[in-house]
Amino acid sequence: QCPFCGANCEHVNPDHPGDHRVSIHRPQCLGGFQQTDSQIITCTDIITGDGTFQNKDTNYQPYLYKKYRDIYKDWLISPNSSLYYSSYWKYFVAHYVDDIVKYFGAKKPPPGSDGDKTLQEWKKLEWDKVKKDLKESFGL
């Protein structure tokens, strides 16, 4: 599983050669990974910035997301937030944020924070666009 969002590796064989990969990373708040105001962001969005994470693998010391491969050497997270299918998760989180907070125990980003600004941008996505993106991504 992705160390940040919990999405399963696409390779069927657990002993596969090469890096673990996931095409569709989930927002971190859906994978149980709790981190300050970045938890609504997907892995593909956050690994290019200057944000930090901390967990048992970092001895609970802040560690730059963009250097995640120092710790998770067998994971490759592509920093491409422009993929069509990511609009689905953005739409989902933006429209169900209150339910997500309640169900998963996630934290809503503080007003005015980068996470809040991102959430506000995601709220602008329209369902028809999301459906179109999904159809194009998966050839439906």
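**Exercise 1. Determine whether Tyr-60 is buried or exposed, and characterise its backbone.**

Solution. The structure is a predicted model, in which local features require pLDDT of at least 70, side-chain atom pairs count only at pLDDT 80 or more, and totals for chains, interfaces and linings use all residues. Residues are numbered from 1 along each chain as its sequence is written, and side-chain values use heavy atoms, with hydrogens and water left out.

Step 1. Apply the accessibility classes: buried means under 20% relative accessible area, exposed over 50%, and partly exposed in between (1.4 Å probe, protein chains only). Tyr-60 has a relative accessibility of 55%, so it counts as exposed.

Step 2. Locate the residue. Tyr-60 is found in the loop between S1 and S2; strands (E, at least two residues) and helices (H or I, at least four) are DSSP runs, numbered from the N terminus.

Step 3. Inspect phi. Most residues other than glycine have a negative phi. Tyr-60, although not a glycine, has a positive phi of about 60 degrees.

**Exercise 2. State where Asn-59 is found and describe its phi and exposure.**

Solution. Step 1. Asn-59 belongs to the loop between strand S1 (52-53) and strand S2 (63-64).

Step 2. Its phi is near 55 degrees, a positive value in a residue other than glycine.

Step 3. With 60% relative accessibility, Asn-59 counts as exposed.

**Exercise 3. Count the aromatic pairs and classify the pair Tyr-91 and Trp-127.**

Solution. Step 1. Rings of Phe, Tyr and Trp (its six-membered ring) pair if their centres lie within 6.5 Å; planes under 30 degrees apart count as stacked, over 60 as edge-to-face and the rest as tilted. This rule gives 12 aromatic pairs.

Step 2. The ring centres of Tyr-91 and Trp-127 are 5.2 Å apart and the planes stand at 45 degrees, so the pair is tilted.

Step 3. Tyr-91 lies in helix H2 (residues 86-104) and Trp-127 in helix H4 (residues 127-138); the pair therefore ties together parts that are 36 residues apart in sequence.

Step 4. Tyr-91 is buried, at 17% relative accessible area, whereas Trp-127 is partly exposed, at 36%.

Step 5. One aromatic cluster is formed by Phe-4, Phe-53, Tyr-63, Tyr-65, Tyr-68 and Tyr-72.

**Exercise 4. Summarise the architecture and burial of the protein.**

Solution. Step 1. The protein has 4 helices and 2 strands, which run α-β-β-α-α-α from the N terminus on.

Step 2. Of the 140 residues, 39% are buried.

Step 3. Contact means heavy atoms within 4.5 Å. Among contacts between residues at least 6 apart in sequence, 53% join residues at least 24 apart.
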